[in-house]
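This report describes a metal site and an internal cavity. The structure is shown first, and the description follows.

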Amino acid sequence: MSRSRIFIVAIVIVVFAAVGAYLLFGNHRRIPQNVPFDVTVTDGTTMQPSELKVNQNDTVTINITSNMDGEVHLHGYDIAFDTKAGQVVSHTFKATISGGPFDIEWESTSAHLGDLIVNP
Ligand SMILES: [Cu+2]
């Protein structure tokens, strides 16, 4: 092997080690966050924002304001938000289950409002 070959191989090894260390220890460094969402549900058919993204073990607070009485159901975590028109209803939970998208629906009609996504 020529010197330049050895040099290139050494660089490749160093880059792989650096990327590996970043991937391995990157997760351990992530500190769970408190993540609040203020969402608005309109007519039991739409939710803004419709996609809620968090990381596993974050503490998630969802504050829902709906213009109708009813129930907003977060699947996967099985949390029910009993809405009263114009009032905020909140639930706080730890996002222990990774994955999704977990459906958020208007329970009485099963209308899909949005999703919760929990990154591992
Ligand atoms: Cu449901």
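## Copper coordination

In this predicted model, the arrangement around the copper ion is square planar because its 4 donor atoms subtend angles of 82 to 165 degrees. Four donors receive that label if opposite donors are over 155 degrees apart and all others lie between 65 and 115 degrees.

Two histidines and two glutamates coordinate the copper ion: H73 through ND1, H75 through NE2, and E105 and E107 each through OE. The distances run from 2.1 to 2.3 Å. Along the sequence, the donor residues follow the spacing H-x1-H-x29-E-x1-E.

## Accessibility of the glutamate donors

E105 has a relative accessible area of 11% and is therefore buried, the cut-off for that class being under 20%. E107, with a relative accessible area of 29%, is partly exposed, a class that lies between the buried limit and the exposed limit of over 50%.

## Internal cavity

The structure contains 1 cavity of 30 Å³ or more. The volume of the largest cavity is about 40 Å³.

Its lining is formed by M47, L52, I62, I64, V72, L74, F81 and I104. At least two of the lining residues come from β4 (59-66), and at least two from β5 (70-74). Classified by residue type, the lining of the largest cavity comprises 8 nonpolar residues, with no polar and no charged residues.

Definitions and conventions
Residues numbered from 1 in each chain as written. Predicted model: local features only at pLDDT ≥ 70, side-chain atom pairs only at ≥ 80, totals over all residues. Heavy atoms only, no water. Donors = N, O, S within 2.8 Å, 3.2 Å for Na, K, Ca; no water. Tetrahedral: all angles 85-135°; square planar, octahedral: opposite > 155°, others 65-115°. Buried < 20%, exposed > 50% of the residue type's maximum accessible area, 1.4 Å probe, protein only. 1 Å grid on protein atoms, 1.4 Å probe; cavity = no way out; pocket = protein on both sides within 12 Å on 5 of 7 lines; lining within 4 Å. Points joined across faces, edges and corners; volume = space filled by probe spheres on them. Helix = DSSP H or I, 4+ residues; strand = E, 2+ residues; numbered from the N terminus. Nonpolar A, V, L, I, M, F, W, Y, C, P; charged D, E, K, R; others polar.
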